Amino acid sequence: MNNFKLNEEHKIKSGLTSPQDVYFENFTERLMQQLPAPEIKVVPLYRRKPVWFSAAAGFVVMLTGGYFLLNNSPQATTQPDTAAIENYLVYQTNVTSYDMIDHLDSQDIKELEASIVLNDDAIKDYLSDEDVYLYE
Amino acid sequence: MDDEKQFIAALLNPKTQNEAFRQLVARYSRPLYSHIRNIVLNHDDADDVLQNTLIKVFSNLKNFKGESKLFSWIYRIATNESLTLISQRAKKGGITNEEVNEKAVQNLVADEYFEGDALQLKLQQAVASLPEKQQLVFKMHYFEELKYEDISEIVGTSVGALKASYHHAVKKIEDYINTH
């Protein structure tokens, strides 16, 4: 072919043909079924805390832990002395002398007698304080 | 323009989205099919690309800013999808995009959706011998009769550059037909 001029010719169509209407109708239905489902907004049960929140929480834990560590260092357990026990039993409880006597056996009494040193002056003082009169 | 704004609003509203999109498909599927088919030539490929294009349109509706016309935006997606398919074919076969097009033209003879005569087939062969950009401009302006302004918005090239590309394409096509 010689001296072919595109713009001087009748409009040349591409020659490509479109499918029938039924293709487009089916295509629409096919496409609508393939569309991605709408996004459902999910409310998380657990929301991850930001880093600054974790850092602040860690700081508070360290501060509290440090305070208790410094102020509650383990101390040697001390046994109360005999006088403290006596005072407690006499003034702070409802234990009477009779209750204590009931718990003493003869061995205890012997030990008590041996440990108590009484002199005459002390006996006199006691008797005078208790208004006990001696008849000699 | 107001109609288009309302239509876009319906497309973005979850309650009306599906029905509006069905209207969009009804309105655009035929011209889009022709546009894609002119680029990829084969019916089955055009069917795949049309489907991918419209699914992409649906998925990206929320990103449509309305800066360009809805028509231009959809055609741009369709054009990119078509060119992507050709590039993938070329990469897979280890050949150029133009060679992919030349092969597609050779297959037109046996295509049930091609009813062209000898001159139409020769015109397709001549177009397939052009660089990709010139092919695109020629097909859109000559076969689809799109205005340069619309093509410019779709392919993102100035109207002047498009006119120059089209002029070169016509010259090469005439030379091809005169010498083959």
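**View 1. The annotated transmembrane region of chain A in the predicted model.** UniProt, in an unreviewed entry, lists residues 51–70 of chain A as "transmembrane region". In this model, which is predicted, the chain over residues 51–70 of chain A is 100% helix and 0% strand, and the C-alpha atoms at its two ends lie 28 Å apart.

**View 2. The contact between chains A and B.** Here 23 residues of chain A are in contact with 30 residues of chain B. Sorted by class, the side of chain A that touches chain B is made up of 13 nonpolar, 8 polar and 2 charged residues.

**View 3. The helices of chain B.** Chain B contains 9 helices and 0 strands, and its elements, followed from the N terminus, run α-α-α-α-α-α-α-α-α. Of its 180 residues, 34% count as buried. When contacts in chain B between residues at least 6 apart in sequence are considered, 58% of them join residues at least 24 apart.

**View 4. Helix α8 of chain B and its surroundings.** Helix α8 of chain B spans residues 148–155, and its buried residues are Ile151(B), Glu153(B), Ile154(B) and Val155(B). The buried residues of α8(B) pack against three helices of chain B, namely α4 (70–93), α7 (132–143) and α9 (159–179).

**View 5. The residue that follows α8(B).** Just after α8(B), the backbone reaches Gly156(B), which takes a positive phi of about 70°. Gly156(B) thus comes directly after Val155(B) in the numbering, and Val155(B) is one of the buried residues of the helix.

Definitions and conventions:
Residues are numbered from 1 along each chain as its sequence is written. Chains are lettered from A and ligands numbered from 1 in the order in which they are written. This is a predicted model: local features need pLDDT of at least 70, side-chain atom pairs count only at pLDDT 80 or more; totals for chains, interfaces and linings use all residues. Two residues are in contact if their C-beta atoms, placed from the backbone, lie within 7 Å. Ala, Val, Leu, Ile, Met, Phe, Trp, Tyr, Cys and Pro count as nonpolar, Asp, Glu, Lys and Arg as charged, and the others, Gly among them, as polar. Helices (H or I, at least four residues) and strands (E, at least two) are DSSP runs, numbered from the N terminus. A residue is buried if 20 or more other C-beta atoms lie within 10 Å of its own, exposed if 12 or fewer, and partly exposed in between; C-beta atoms are placed from the backbone. UniProt positions are given in the numbering used here, feature names are shortened, and annotations may be inferred rather than shown by experiment.
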